[in-house]
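Thank you all for making time this morning. I would like to walk you through one model, going from single residues to the elements around them and then to the chain overall, so please keep the view open as I talk.

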Amino acid sequence: MSLPPRTRLLLAFLLANAVVLSVGALLLLNRPPSLPQIDGVFLPTARDIPPFEVLDQNGEKFINTDLKGKWHLVSYGFTSCPDICPTILSDLLVVADKLPEDEPLRFVFYSIDHRRDTPLQLAQYLDYFSPSFIGLTHRDGNGGAHKPFEDGLGMVSELVVDEAGDANEYQVNHGVALFLLNPDGQLQAVFKPSESLVGKAGLQPDFNPETLVNDYLAIRRYVANNSR
């Protein structure tokens, strides 16, 4: 049976629309998810950390495999830091309190002043914040086994020796950042301090705990959804 021209035209129009809608739906379903928008830098392809060896606050060896299985949030500094380091550790304590109880995120503080920050000193220092925090340091004569950890994360620090040349008298300068490591022990993101608190008179760089929690959970969801 021959259809009237107008009917054929209408059917062709409806078929074309159906094809367009089907293609559009297919593209929408296969569209890559948007990257997490965080206060820092998210690495879609996580970066390996070269083999390293340091010491924890109990004097035990700590290596790459100790990072496996859980997410870690790493800060760095030194225990005699007068303001920035304790402020950030206090921020992280708030982050820990805001996270769900079953959240497997561990907090790490890495000392860039290993001569003063012995494992015992680190243990005593971190007890002021939380006994669950992990402290890392190293000793002289380790053949530079700690450097891959610092360099792999991109830590920035320097020891400024006293002009008189006394090796025991020095100042410690360091950058401010937090490093998020995934359960494979890889660098997944770098968080930066709140811009509103940097460079203003009387204020030190620190982190907004609520922002950190939201950013971390957004990264967790993204990674979980894209690892299936």
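D215 lies in helix 5, and I should say at once that we are looking at a predicted model. Is D215 buried or exposed? With a relative accessibility of 8%, D215 counts as buried, because the limit for that word is under 20%. Setting aside residues up to four places away in sequence, D215 touches Q37, I38, D39 and F191. The pairing with D39 spans a long way along the chain in terms of numbering, since the two are 176 residues apart in sequence, and yet their C-alpha atoms are 7.3 Å apart in space.

D215 also brings us to an internal space. The largest cavity holds about 40 Å³, and its lining consists of D39, F191, K192, S194, F207, N208, T211, L212 and D215. Which element gives the most to that lining? It is helix 5, with three residues. By the rule used here, there are two cavities of 30 Å³ or more.

Staying with helix 5, which covers residues 209–225, let me turn to P209, which has its place in that helix. P209 counts as buried, at 16% relative accessibility. Leaving aside neighbours within four places in sequence, P209 is in contact with D91, V94 and V95. The C-alpha atoms of P209 and L92 are 6.8 Å apart, although 117 residues separate the two in sequence.

L92 leads us into the core. The largest nonpolar core has 52 residues, and those with the most contacts inside it are L92, F149, L153, L180 and F191. Where does the largest share of this core come from? Helix 2, residues 84–98, supplies that share, with six residues. As one example of a core residue, consider L180, which, not counting residues up to four places away in sequence, touches W71, H72, L73, L105, Q186, L187, Q188, A189, F191, Y216 and I219.

Now to helix 3, which runs over residues 119–126 and whose buried residues are P119, L122, A123, Y125 and L126. These residues lie on the same side of helix 3, because they cover an arc of only 165° around the axis. As a general reminder, an α-helix has 3.6 residues a turn, so residues three or four places apart point the same way. What covers the buried residues of helix 3? The covering elements include strand 2, at 53–56, together with helix 2, strand 5, at 105–111, and strand 6, at 134–137.

Within strand 6 we find G135, which is buried, with a relative accessible area of 0%. If neighbours within four places in sequence are left aside, G135 is in contact with L55, D56, Q57, F109, L122 and L126. Between G135 and A123, which are twelve residues apart along the chain, the C-alpha separation is 6.9 Å.

Let me move on to a pair of strands. Strand 7, residues 157–161, and strand 8 run antiparallel and are joined by five bridges; one bridge partner pair is V161 with Y170 of strand 8. In a regular strand the side chains alternate between the two faces of the sheet. Along strand 8, residues 170–174, the side chains of Y170, V172 and H174 point to one face and are buried, whereas those of Q171 and N173 point to the other and are not.

Strand 7 matters for our next stop as well, the largest pocket, which has a volume of about 150 Å³. The pocket is lined by I112, H114, H138, H146, K147, E150, S157, E158 and L159. Helix 4, at 147–153, and strand 7 each supply at least two of these lining residues, and strand 7 gives the most, with three.

Finally, the chain overall. Its secondary structure comes to five helices and ten strands, and buried residues make up 39% of its 228 residues. How many of the contacts between residues at least 6 apart in sequence join residues at least 24 apart? The share is 71%, and the pairing of D215 with D39, at 176 residues apart in sequence, is the example with which we began.

Key: Residues are numbered from 1 along each chain as its sequence is written. This is a predicted model: local features need pLDDT of at least 70, side-chain atom pairs count only at pLDDT 80 or more; totals for chains, interfaces and linings use all residues. Side-chain values use heavy atoms; hydrogens and water are left out. A nonpolar core is a set of buried Ala, Val, Leu, Ile, Met, Phe, Trp, Tyr and Cys residues joined through side-chain atoms within 4.5 Å. Buried means under 20% relative accessible area, exposed over 50%, partly exposed in between (1.4 Å probe, protein chains only). Helices (H or I, at least four residues) and strands (E, at least two) are DSSP runs, numbered from the N terminus. Contact means heavy atoms within 4.5 Å. Two strands pair if DSSP finds at least two bridges between them. The arc is that of the directions from the helix axis to the C-beta atoms. On a 1 Å grid over the protein atoms alone, a cavity is a set of points where a 1.4 Å probe fits but cannot get out, and a pocket is an open set with protein on both sides within 12 Å along at least five of seven lines; lining residues have an atom within 4 Å of a point. Grid points are joined across faces, edges and corners, and a volume is the space filled by probe spheres set on the points.
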